Amino acid sequence: MSIENKVDATLKNLEGKAQEMMGEVTGDPKDKAEGQAKQAQASAQHTVENIKDAAKREIDR
């Protein structure tokens, strides 16, 4: 629904991917896990925004 929220989710996803890759390169399982968690949060945030968009489209019908 909100472009800002979608951008935030995308940035969080990219940050999580970078952190996961860094954890893999350095062998730090904590960084890898934190990166994966950020990606999961971003995915959930995208899902919420998509549901909001769908609901708004139904209301506007």
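**Figure 1. Charged side chains of the protein chain in the predicted model.** The chain carries 10 positive and 12 negative side chains. The centres of these two sets are 4 Å apart. The chain exposes about 4400 Å², and carbon and sulfur atoms supply 59% of that area.

**Figure 2. The whole chain, with two helices and zero strands.** The radius of gyration is 15 Å, well over the 10 Å that the globule rule gives for 61 residues, so the chain is more spread out than a compact globule. The C-alpha trace spans about 50 × 15 × 10 Å along its principal axes. Of the 61 residues, 18% are buried. Among contacts with a separation of 6 or more, 55% are between residues 24 or more positions apart.

**Figure 3. Helix H1, residues 3-26.** At 1.5 Å a residue, the 24 residues of H1 should span 34 Å; the end C-alpha atoms of H1 are 34 Å apart, which agrees. Buried in H1 are Ala9, Gly16, Gln19, Glu20 and Gly23. These buried residues pack against H2. After H1 comes Gly27, which has a positive phi, near 80°.

**Figure 4. Helix H2, residues 29-60.** At 1.5 Å a residue, the 32 residues of H2 should span 46 Å; the end C-alpha atoms of H2 are 47 Å apart, which agrees. The buried residues here are Gly35, Gln39, Ala42, Glu49 and Asp53. Their cover includes helix H1. An α-helix has 3.6 residues a turn, so residues three or four places apart point the same way. Two of the buried residues of H2, Gln39 and Asp53, are taken from this list as examples of polar or charged names.

**Figure 5. Close-up of Gln39 in helix H2.** Gln39 has a relative accessibility of 17% and therefore counts as buried, the cut-off being under 20%. Leaving aside neighbours within four places in sequence, Gln39 is in contact with Asn13, Gly16, Lys17 and Glu20. Gly16 and Glu20 are among the buried residues of H1.

**Figure 6. Close-up of Lys32 in helix H2.** With 29% relative accessibility, Lys32 counts as partly exposed. That class lies between the buried limit of under 20% and the exposed limit of over 50%. Not counting residues up to four places away in sequence, Lys32 touches Gln19, Glu20, Gly23 and Glu24. Of these partners, Gln19, Glu20 and Gly23 are listed among the buried residues of H1. Lys32 and Gly16 are 16 residues apart in sequence, and their C-alpha atoms are 8.5 Å apart in space.

**Figure 7. Close-up of Met21 in helix H1.** Met21 has 58% relative accessibility and so counts as exposed, the cut-off being over 50%. Met21 and Lys32 are 11 residues apart in sequence, with 6.8 Å between their C-alpha atoms. Lys32, in helix H2, is partly exposed.

Terms used:
Residues are numbered from 1 along each chain as its sequence is written. This is a predicted model: local features need pLDDT of at least 70, side-chain atom pairs count only at pLDDT 80 or more; totals for chains, interfaces and linings use all residues. Side-chain values use heavy atoms; hydrogens and water are left out. Helices (H or I, at least four residues) and strands (E, at least two) are DSSP runs, numbered from the N terminus. The radius of gyration is taken over C-alpha atoms; the globule rule is 2.2 Å times the number of residues to the power 0.38. Buried means under 20% relative accessible area, exposed over 50%, partly exposed in between (1.4 Å probe, protein chains only). Contact means heavy atoms within 4.5 Å. Accessible areas come from the Shrake-Rupley method with a 1.4 Å probe; for residues, only the protein chains shown count as cover. Lys and Arg count as positive and Asp and Glu as negative; His and the chain ends are not counted. The place of a charge is taken as NZ of Lys, CZ of Arg, CG of Asp or CD of Glu. The expected span of a helix is 1.5 Å times one less than its number of residues.
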